[in-house]
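Dear colleague,

Please find below the structure that I am handing over to you, together with its sequence. My findings follow directly after it.

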Amino acid sequence: MKICFIGTGYVGLVSGVCFSDLGNSVICIDKDREKLTQLENGDIPIFEPGLSELVRKNLDAGRLSFSDDLIGSIKKSDIVFIAVGTPTAKDGVSADLSQVFSVAKLISKGIKSHKIIVTKSTVPIGTGDKIEKILNKNKKKGLFTIISNPEFLREGEAIKDFKYPDRVVIGTNDKRVIKIFNELYRPIINKGAAFVSCSRRTAELIKYASNAFLATKISFINEIANLCEKVHVNIDDVSVGIGLDKRIGSRFLRAGPAYGGSCFPKDTKALAKVGKNYNSPLSIVNSVINFNEKRKKDIENNIYKILHNKIKNKIICFLGVTFKANTDDLRDSSAINLISKFIKKGAKINYYEPTGSKEILDKHKNVKYFDDLYLAVKKVDLIIIHTEWDEFKNLNFSKIKNNNKKVIIYDLRNLYDNKSFINKNNISYYSIGRPFNA
Ligand code: UGA
């Protein structure tokens, strides 16, 4: 099929490239010419395992191309995916839909033949109706079919998530379009994905409710982890014990620092705002948002306890600063929040980040980036394992001990078995949801 993606951000790029890999002819559109030239050469501006190879493969096969010609590319396509950003608006809670609406206006002005317009961007319930209104302005009613097809890709696992999703959700009542999408996703459905056909508004809500539910699971396990620290229970055993119940499921039950990234914090707030707007307050979602803020404070306070409240001039080393492993994304990473708190209190920060991601941290003079893990942890007062990168799972502790009088580690991802550390000389090891005696 002939497809175009408007927006070559995370979602647009990954989905566009994956659709081309399924044999479709795909144009990825963006305003940023420099970025497009980079992509045309097979260079990927984001860190996503396997994506660069897939881009090159499909460029070579002639199925994938990049363009800044929005109208020209849409004219050549049957299906148009809108995959532009919907960041948090200035009010700090709602989704900013300006990019979505401005794309809709451009399509409305420039396109005169029938197109299926698909919202891939995460948008509040009823956005499809608003897009329809914009598109049908001055046009014969029914020229465009507007549908919702939310994405469920995780950064770092996006290609796998695209190719082997649990479900594909298509929001439209148009039977002809449902058939077309069933065909478009056939290779994926054949591998076992469920095909969920529902109304457009339902699809929009499925996306928000999914992210909010996953965020709830994480906050729930983090709160139970707090209790574990008080009652001498290991959270990892609790996660296994409850996750084996198929009604609960074992995934997204890893206790850790506050959840972050460009989706959960933004989407939970936007969903809570939708609830408020419709006079249907979402008290659970609001609790999750508040708990996640409190989580940041709890972890911060634990660190003060570990350092006996003496923060000034202490050197704290972060291993990993991204919001999770396998991404270079620092958006809403709890590391950023913690680092800014510690600097204000006069601490110095060393950090090692496997992806070299550092833009947001560059501006602080007391924050030092190291491209060598063992130099970063040299002569420091505290090592915080912030991100669950594989390379932190087998640290060379004798090397670390040789360069430090005393080694204190706070492992926010429980990468190590508590007991094996307690017996090791000169290492004070603290983790999440296990007896915490700082
Ligand atoms: C999330 C969803 O998982 C995707 O399904 C969705 O498509 C995407 O948002 C989106 O809306 O675009 P992502 O933000 O890439 O994906 O990251 P996750 O893997 O979901 O992790 C989010 C946060 O939760 C991270 O800070 C991670 O460390 C934390 N987390 C996750 C935990 O603390 N414990 C867990 O068990 C799982």
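In this predicted model, the side chain of K207 places an N or O atom 2.7 Å from an oxygen atom of the ligand. The side chain of N211 likewise has an N or O atom 2.8 Å from a ligand oxygen. From G260 it is a polar backbone atom that lies 2.9 Å from an oxygen atom of the ligand. On its own, the ligand has 710 Å² of accessible area, and the protein covers 95% of this. Two elements give two or more residues each to the surrounding shell, namely α10 (200-231) and α12 (264-277). Of the elements, α10 gives the most, with three residues.

The shell around the ligand consists of 19 residues, of which E151, L153, E155, K207 and N211 come nearest. Sorted by class, the shell holds nine nonpolar, two polar and eight charged residues.

I turn next to strand β12, which spans residues 382-385. Are its two faces covered or open? Both are covered: L382 and I384 on one side are buried, as are I383 and I385 on the other. As to its partners, β12 pairs with strand β9 (residues 315-319) in the parallel sense, over four bridges. Within the strands, I384 of β12 has F318 opposite it. Strand β13 (residues 407-411) also pairs with β12 in the parallel sense, here over three bridges. One of the residue pairs is I385 with D411, its bridge partner in β13. Between β12 and β13 the chain passes through helix α16 (residues 397-402), and this β-α-β crossover is right-handed.

Finally, two residues deserve a remark on their backbone angles. F252 is not a glycine, yet its phi is positive, near 60°. This residue is found in the loop between α11 (235-243) and α12. F252 has a relative accessible area of 27% and is therefore classed as partly exposed, since buried would require a value under 20% and exposed one over 50%.

N309, also a residue other than glycine, has a positive phi of about 60°. Its place is the loop between α13 (283-306) and β9. How exposed is N309? Its relative accessible area is 60%, and N309 therefore counts as exposed, the cut-off being over 50%.

With kind regards

Conventions. Residues numbered from 1 in each chain as written. Predicted model: local features only at pLDDT ≥ 70, side-chain atom pairs only at ≥ 80, totals over all residues. Heavy atoms only, no water. Near = heavy atom within 4 Å. Polar contact = N/O pair within 3.5 Å; in protein donor to acceptor, adjacent residues only side chain to side chain. Areas by Shrake-Rupley, 256 points an atom, 1.4 Å probe, with all protein chains shown as cover. Nonpolar A, V, L, I, M, F, W, Y, C, P; charged D, E, K, R; others polar. Buried < 20%, exposed > 50% of the residue type's maximum accessible area, 1.4 Å probe, protein only. Pairing = 2+ DSSP bridges. Right-handed = clockwise from strand over helix to strand, strands pointing away.
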